[in-house]
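Please open the structure in a viewer and keep the selection tool at hand. The stops below are to be taken in order.

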Amino acid sequence: MTIRTEPMTVNVGPQHPSTHGVFRVRITFDGEDIVEVEPVLGYLHRGSEKLAEERNYVQVVTLTDRLDYTSSMINNQAYCLAVEQLLGIEPPPRGKYLRTLAAELQRIASHLIAVGFFVQELGAFGTPLMYTFRSRERILDLFEMLCGARVTVSYMRPGGVFADTPADFWPALEQFLEDFEGELEEIENLLLSNEILMVRTRGVSPLPADVAINCSVSGPVLRASGVNWDWRKMAPYDAYDQVEFDIPVGQNGDNYDRFWVRMQEVRQSLRIVRQCVAQIEPGPVRQELPLVLRAAPGAEAYGRVEASKGELGFFLVSDGGVSPYRCKIRSPSLINLTITEHLLLGWKLADMIVSLGSVDINMGEVDR
Amino acid sequence: MVKGLAVTLSNLMRKPFTTSYPEQRIRQHPRFRGEEFTWYEERCTGCASCAKYCPLGIIKIVTSPSETAPLQGDKYRLETFDIELQRCMFCGLCVEACPYDALFMGSGFEEGQYKRTDLVITIDRLRQAEKNPSTWFRPQLEGMDYRPGEGRPLGWREVGRENWRWHQHEKAGMRLAAGRDDSEGEA
Ligand code: SF4
Ligand code: SF4
């Protein structure tokens, strides 16, 4: 005798502890299998693009902090690059190095969050997350030393960074680099070859390379699918052409690969930070610019960086005024969310949140 | 299992990473962008650069021309200087914009009030507040190993960048970087 079942629709979110912010996804289950997925966005829409059009070029920096609040440094960087292109200016070398350094520290912090929550969603409550947060805390401390805030940093400005490092920053950074080596090893030993983690994530929700490319996916998700693509290498900005690093590339694009790529990227970021520390030289950090910037009428610029989640781009159009005429944000999280269906369809309920977590979205950036 | 126990034991012996907040405090870094704005009336000219530069427009300044000696370029008298703290995001752009080193961030983070109106920092509060400026965007303070909130508050003569050797250093550095001559001294 067979039991007759019928599909059931479940709303996950928008206020759900495991959806990485106010993300709602309507899922139709057949038993435990997912047969239909419909992401619903827009709960965190703040109109950042419109707000940017009413603020002058420097003030917009504070808005970019709030897009992807786990990697505000990188958002600052993307926006400042766009403005610099618009105005045709270039920061002095020390400014470039400081930006690279801050962005890589932020990448480490962001990936640590991603990895921590990814493992938490697998059911390892607390412990691995605390390990990753312990290290992240140190990075945020460094940021506080550098710019007075931990999350909403507003550290970079068009033309460089706002000020040079305080004297006690460099010893603290050395100390962090020394300690983090051990902490990272601890995290890697704990997670990378963990059998439960492997069984739960190997081969789950694979994303073939062609699908990933067709969906314009970028960042660790794309690289996990075996595509070697990283803006830091393809079109180096700031000081990335001065430092050496490798791009870790996965094979299958499954959940494990996405997780693995992030763990490897932390190592590479650490390498970049070390090189920055070795190469940086004294000098000015910011190009002298007027307080209120103006670009030529009709000028356009697109500044892009490899953010921790993927390609983050700011497209600015100027009409000659003090604020951008149009500011379009290409946010990696939003574009990466377009693969939700590919990831979830046909998989089980238990893998759903894990797959979503492996994409590492940030709603502040999705809805802007 | 012994190995696991060893890890547990070694962690048991470690100092805790956390501090229990209200009793113990972590020292903030001198650049911390905190709540109590420090404002030096003696330095402020009422130019309202800070108000213009605030991304949220939450600083309200009303001035009136001085009656004593307007022709001699006496400064404007300040009547209102309200900072609506409820909406402030502590970005520090107002501090960056102030051309006369009159406005500084503070170092606190515990501004809880019972009424929303109490969250507006008025000019009287700014006048009476203890002056513990944060060193954010004011590296001249960093040069003297100053830590906000510890030790004595700073008076307005001490916070300006005019007399600081540091300032001359920085200027010299800029000139060197621009490839120009450094010999002309700072008058
Ligand atoms: S810190 Fe920022 S938001 Fe607050 S008053 Fe100053 S400029 Fe405005
Ligand atoms: S910018 Fe400085 S001098 Fe001008 S009104 Fe504000 S605090 Fe006063």
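Begin by selecting both sides of the contact between the chains: 23 residues belong to chain B and 20 residues to chain A, two residues being in contact if their C-beta atoms, placed from the backbone, lie within 7 Å. On the chain B side, the elements that give two or more residues are α3 (93-97), α5 (139-142) and α7 (165-177); helices are DSSP runs of H or I of at least four residues, numbered from the N terminus.

This model is predicted: local features need pLDDT of at least 70 and side-chain atom pairs count only at pLDDT 80 or more, while totals for chains, interfaces and linings use all residues. Residues are numbered from 1 along each chain as its sequence is written, and chains are lettered from A and ligands numbered from 1 in the order in which they are written.

Next, select helix α5 of chain A, residues 127-147. At 1.5 Å times one less than its number of residues, this helix of 21 residues should span 30 Å, which agrees with the 30 Å between its end C-alpha atoms. Its buried residues include A:Tyr131, A:Ile139 and A:Phe143; buried means that 20 or more other C-beta atoms lie within 10 Å of the residue's own. Among the elements covering the buried residues of α5(A) are α4 and α6 (169-191) of chain A. Just after α5(A), select A:Gly148, whose phi is positive, near 85 degrees.

Finally, select A:Tyr155, which touches A:Leu146 and A:Cys147, among others.

How values were computed
A residue is buried if 20 or more other C-beta atoms lie within 10 Å of its own, exposed if 12 or fewer, and partly exposed in between; C-beta atoms are placed from the backbone. Lists of a residue's contacts leave out its neighbours within four places in sequence.
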